[in-house]
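Here are some exercises to work through with the model open in your viewer. Try each task yourself before you read its solution.

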Amino acid sequence: MRATTFLLTLIGLACQAGDFGADEPPTFVVHDSAGIEIVESFTPAWDRDGWRVSADPSLVIGRMSGDERYLFGEVVGAVVLRDGRVAVVDRQAALIRVYSLEGVHIEDWGGSGEGPGEFSGRPRKILPYRGDSILVEQFANNGSNIYDDRGRFGRAVAPEMWVLFNLHRASLFDPSLSPVGTCCTLWGALPNGAFLGSYSEMLPYPGTGTTRATVMAAITPESGSVPVSAGVFNGGQYYRYPEAGVSDLQFQFRFSMAVGPDGYFLTEGDAYSISAYDVSGRLRRIIRLDREPRPVTGEVRTAHEARLREETSPENEEWLRRRLSVPYPTHLPAFERLHADAEGNIWARHRRYGADDGTAGAGMYEFFIFGADGRHLGTIELPAGLEVYQIGPDFVLGKVRDELGVDYVQLYGIEK
């Protein structure tokens with residue numbers, strides 16, 4: 001009965017994917033499950049005429065030497081403002097450096113200090129905020145600064161989620177759980193001004209062997225009041241050594257979220273599936289790609305272990321021994337990082353694996369693109385080594401670090 005219902009749904013909704021002949025299958029189907037829309041794609045909607053990202057950047061900001069206004073210590077984020085100016089955050093200098101769309105330096109905002117708009121800690125991320133504003137997150141408990149598009153300081157956002165985690169973890173989580181790694185992640189600001197974040201991954205403690213961590217997502221209202229849980233999800237897989245210590249598995253699954261124009265998206269990294277939520281945290285759509293998980297083959301394992309040996313210096317032999325003892329998952333990760341563009345399309349980063357296993361080096365990523373309606377459009381390759389910060393309606397903005405460790409901010413056009 002259940003299979004018959006699905007088949008009828010498939011036939012009845014196939015027209016949503018376009019006009020097909022009698023023997024031509026649909027590229028995607030949409031059906032309802034308890035009020036939640038489920039979109040399942042079988043083949044990309046694009047044929048040969050999909051989107052293209054330009055081969056060369058239309059803007060490059062950064063130099064190896066010379067004028068200090070173009071020398072970056074460490075770029076940790078960048079955004080294109082509404083009028084086309086580019087704001088770049090240099091963590092080492094604790095500055096927001098602002099450039100024209102031609103790459104000419106205009107002014108600096110922020111700086112180290114305790115005054116309004118200054119950074120008492122190191123900035124680590126810049127994000128678009130409501131209207132023309134931007135939000136710059138800092139490390140530890142230093143909060144985030146909100147500026148308008150002219151660099152005028154608006155207010156500081158108290159890191160309530162961080163404080164609650166550090167001071168009240170025992171009441172927030174089961175005491176049998178212990179955090180893995182550092183504290184919380186700020187994923188972005190929702191359209192209503194609330195902040196989307198997640199707590200540190202949590203593992204059962206004590207115990208040994210392989211286990212899956214859990215992650216709590218949270219929405220903090222714009223007022224800065226107590227965060228509201230948006231659900232508990234699967235995080236990475238970890239191995240706890242019999243003697244002591246914890247290590248993530250080879251080819252780790254990555255929990256990821258991305259803010260869109262009318263809500264947010266989430267993936268647990270282990271399947272070709274993305275969940276879409278509204279601003280209140282209500283699940284409204286599940287997006288699925290009809291694709292089997294990729295097995296961890298002997299070729300991939302051999303290449304991965306060879307790379308680890310090549311990159312490990314003799315004095316770190318003990319670390320290498322422990323790392324090689326960590327188990328492998330049954331299959332490779334699916335989507336590793338989500339981005340959403342200004343039109344609500346989802347860009348899901350997907351790592352290729354092969355002879356050089358894709359865990360290091362440039363040019364091993366592709367992005368699966370899903371439309372605002374959830375259907376799979378196709379894939380795009382971005383320039384090698386580009387760390388994506390922002391995807392606009394017709395551009396991709398990110399950072400490239402060269403072999404000498406010099407950071408450059410680059411902007412590429414998108415042809416649609």
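Two strands count as paired if DSSP finds at least two bridges between them. Helices (H or I, at least four residues) and strands (E, at least two) are DSSP runs, numbered from the N terminus. The model is predicted, so local features need pLDDT of at least 70 and side-chain atom pairs count only at pLDDT 80 or more, while totals for chains, interfaces and linings use all residues. Residues are numbered from 1 along each chain as its sequence is written, and side-chain values use heavy atoms, with hydrogens and water left out.

**Exercise 1. Work out the strand order of the open sheet that contains β9, and find its edges.**

Step 1. Start with β9, which pairs with strand β10 (residues 134-138) in the antiparallel sense over five bridges. To check the register, look at Leu127: it stands opposite Leu135 in β10.

Step 2. Carry on across the sheet. The four strands come in the order β9-β10-β11-β12, with antiparallel pairing.

Step 3. Now the edges: β9 (123-128) and β12 (153-157) each have a single partner strand, so one side of each is left without a neighbour in the sheet.

Step 4. For the twist, neighbouring strands of this sheet are turned by 20 degrees against each other on average, direction ignored. The axes behind such angles are lines fitted to C-alpha atoms, for helices over the stretch in contact, and angles run from 0 to 180 degrees between N-to-C directions.

**Exercise 2. Describe the surroundings of strand β22.**

Step 1. Begin with burial (buried means under 20% relative accessible area, exposed over 50%, partly exposed in between, with a 1.4 Å probe and protein chains only). In β22 (residues 273-277), four of the five residues are buried, so the strand is largely enclosed by the rest of the structure.

Step 2. On to the partners. Strand β21 (residues 263-267) runs antiparallel to β22 and is joined to it by three bridges; here Tyr264 has Tyr277 as its bridge partner. Strand β23 (residues 283-289) also pairs with β22 in the antiparallel sense, over five bridges, and Ile274 stands opposite Ile287 in β23.

Step 3. Finish with the turns. The hairpin of β21 and β22 has five residues between the strands, and Gly269 there takes a positive phi near 85 degrees. In the hairpin of β22 and β23, again with five residues between the strands, Gly281 has a positive phi near 95 degrees.

**Exercise 3. Place three salt bridges, those of Glu311, Glu343 and Glu366, in their structural context.**

Step 1. Fix the rule: a side-chain nitrogen of Lys or Arg lies within 4 Å of a carboxyl oxygen of Asp or Glu. The count comes to 28 salt bridges.

Step 2. Glu311 meets Arg307 at 2.8 Å, N to O. Both belong to helix α3 (residues 298-311), where being four residues apart puts about one helical turn between them. Glu311 is exposed at 51%, whereas Arg307 is buried at 17%.

Step 3. Glu343 and Lys416 have their closest N and O atoms 3.0 Å apart. Glu343 lies in the loop between β24 (335-340) and β25 (346-351) and Lys416 in the segment after β30 (407-415), so this pair ties together parts 73 residues apart in sequence.

Step 4. Glu366 and Arg352 come to 3.2 Å. Glu366 sits in strand β26 (residues 365-370) and Arg352 in the loop between β25 and β26, so the linked parts are 14 residues apart in sequence. Glu366 is buried at 11%, and Arg352 is partly exposed at 29%.
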